[in-house]
Amino acid sequence: MNKELAKNFFSCKNISIDLGGREILRNINIDIKPGEVLGIIGPNGAGKTSLIEILSGRYKQKTGDVIYKDQVINDKPLYERARMGIGRTYQTPVVPEELTVGETLKAARQSTKPYLPVTDAEYAADLVKFKVSWDMANTKLETFNRRKLLMTSVLMREPDIILMDEPASGLINAEIDEIDNTLRMLSKEMNIAVLIVEHRIELLETIADRVVVMDAGEIIAEGNLEDIINNPKVKEAYFEG
Ligand SMILES: Nc1ncnc2c1ncn2[C@@H]1O[C@H](COP(=O)(O)OP(=O)(O)OP(=O)(O)O)[C@@H](O)[C@H]1O
Ligand SMILES: [Mg+2]
């Protein structure tokens with residue numbers, strides 16, 4: 001990808017949305033490049049998940065544009081954005097309760113046309129070190145393996161960007177370290193753009209190239225983590241708010 005295209009790889013401009021009769025997001029502008037890890041932090045209720053819902057195509061914004069590879073994609077639904085290379089994960093890792101791991105991965109392979117070969121699923125499982133037996137019932141999976149199953153389903157489609165909503169939620173420190181290593185590999189070796197929403201700022205320390213801070217539906221700061229932590233606005237809204 002040349003520099004000019006990389007400039008317009010993925011961004012949103014002037015995004016706002018009302019939910020339940022209230023303005024939840026106001027004038028949100030972000031951009032991310034291939035291979036970059038962008039952290040979005042903010043306290044509970046800041047609007048982080050709502051933003052991911054808009055970027056992934058599940059919610060429709062009131063104003064503004066979502067741009068991907070130089071194209072305005074406002075009218076593309078979730079499944080189409082997924083097909084175009086925009087993957088996402090959810091804050092709560094919900095897996096189909098009635099299926100086994102193997103059946104889930106098969107369904108994921110068959111959600112594309114043409115169907116993906118089983119080797120693509122195996123490759124994606126390898127990337128995230130997802131090692132359980134494919135005969136295992138999904139209901140038996142712990143949180144970490146649920147997250148890995150969903151990541152495998154996303155990665156087999158070879159996304160160019162992954163939008164992740166609190167991927168570390170419900171995990172212990174050793175698991176978080178493993179996720180960080182995986183995300184570093186995906187971004188730095190495979191050149192995937194990784195947008196991570198997180199409410200604990202310390203979790204982004206080792207992984208984010210750049211951080212955007214949201215509070216009450218607005219972006220209040222942006223930069224590297226050190227600048228963010230020392231920003232008085234952030235201290236007030238985030239640490240003491
Ligand atoms: N579908 C909805 N209808 C009405 N209000 C909503 C809806 N979704 C979110 N909200 C409200 O929008 C605000 C932002 O919610 P959102 O889930 O985007 O925040 P968040 O930053 O992801 O929070 P958390 O850190 O708790 O996950 C909250 O006040 C929430 O109650
Ligand atoms: Mg959220």
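**Packing of helix α4 and local backbone features**

In this predicted model, the cover over the buried residues of α4 includes α5 (118-127) and α6 (143-155). Helix α4 itself spans residues 101-109, and the residues buried in this helix are Val-101, Thr-104, Leu-105 and Ala-108. Viewed down the axis of α4, these buried residues fall within an arc of 95°, so they line one face of the helix. Such an arrangement can be read against the periodicity of the α-helix, which has 3.6 residues a turn, so that residues three or four places apart point the same way.

The relation between α4 and α6 was examined further. The axes of the helices α4 and α6 come within 9 Å of each other and cross at roughly 25°; because angles under 35 degrees count as roughly parallel, α4 is described as roughly parallel to α6. The crossing of α4 and α6 is right-handed. On the side of α4, the contact is made by Val-101, Thr-104, Leu-105 and Ala-108, which meet Leu-149, Thr-152 and Ser-153 of α6. Sorted by class, the residues in the contact of α4 with α6 comprise four nonpolar and three polar ones, with no charged residue among them. The residues of α4 that meet α6, namely Val-101, Thr-104, Leu-105 and Ala-108, are also those listed as buried in α4.

Beyond α4, the backbone shows a cis peptide bond, which joins Lys-113 and Pro-114 and has an omega of about -5°. Pro-114 is located in the loop between α4 and α5, and α5 is one of the elements that cover the buried residues of α4.

Positive phi values in residues other than glycine were also found in loops between strands. Asp-70, which is not a glycine, has a positive phi near 70° and is placed in the loop between β4 (63-68) and β5 (71-72). With 10 other C-beta atoms within 10 Å, Asp-70 is exposed, since a residue counts as exposed if 12 or fewer such atoms lie within that distance. Ala-216, likewise not a glycine, has a positive phi of about 45°, and its place is in the loop between β9 (210-215) and β10 (218-223). For Ala-216, 16 other C-beta atoms lie within 10 Å, and this residue is therefore partly exposed, given that a residue is called buried if 20 or more are found there and exposed if 12 or fewer are.

Notes. Residues numbered from 1 in each chain as written. Chains lettered and ligands numbered in written order. Predicted model: local features only at pLDDT ≥ 70, side-chain atom pairs only at ≥ 80, totals over all residues. Helix = DSSP H or I, 4+ residues; strand = E, 2+ residues; numbered from the N terminus. Arc of directions from axis to C-beta. Contact = placed C-beta atoms within 7 Å. Axes fitted to C-alpha atoms, helices over the stretch in contact; angles between N-to-C directions. Parallel < 35°, antiparallel > 145°, perpendicular 65-115°, else oblique. Left-handed = near helix turned anticlockwise from the far one by under 90°. Nonpolar A, V, L, I, M, F, W, Y, C, P; charged D, E, K, R; others polar.
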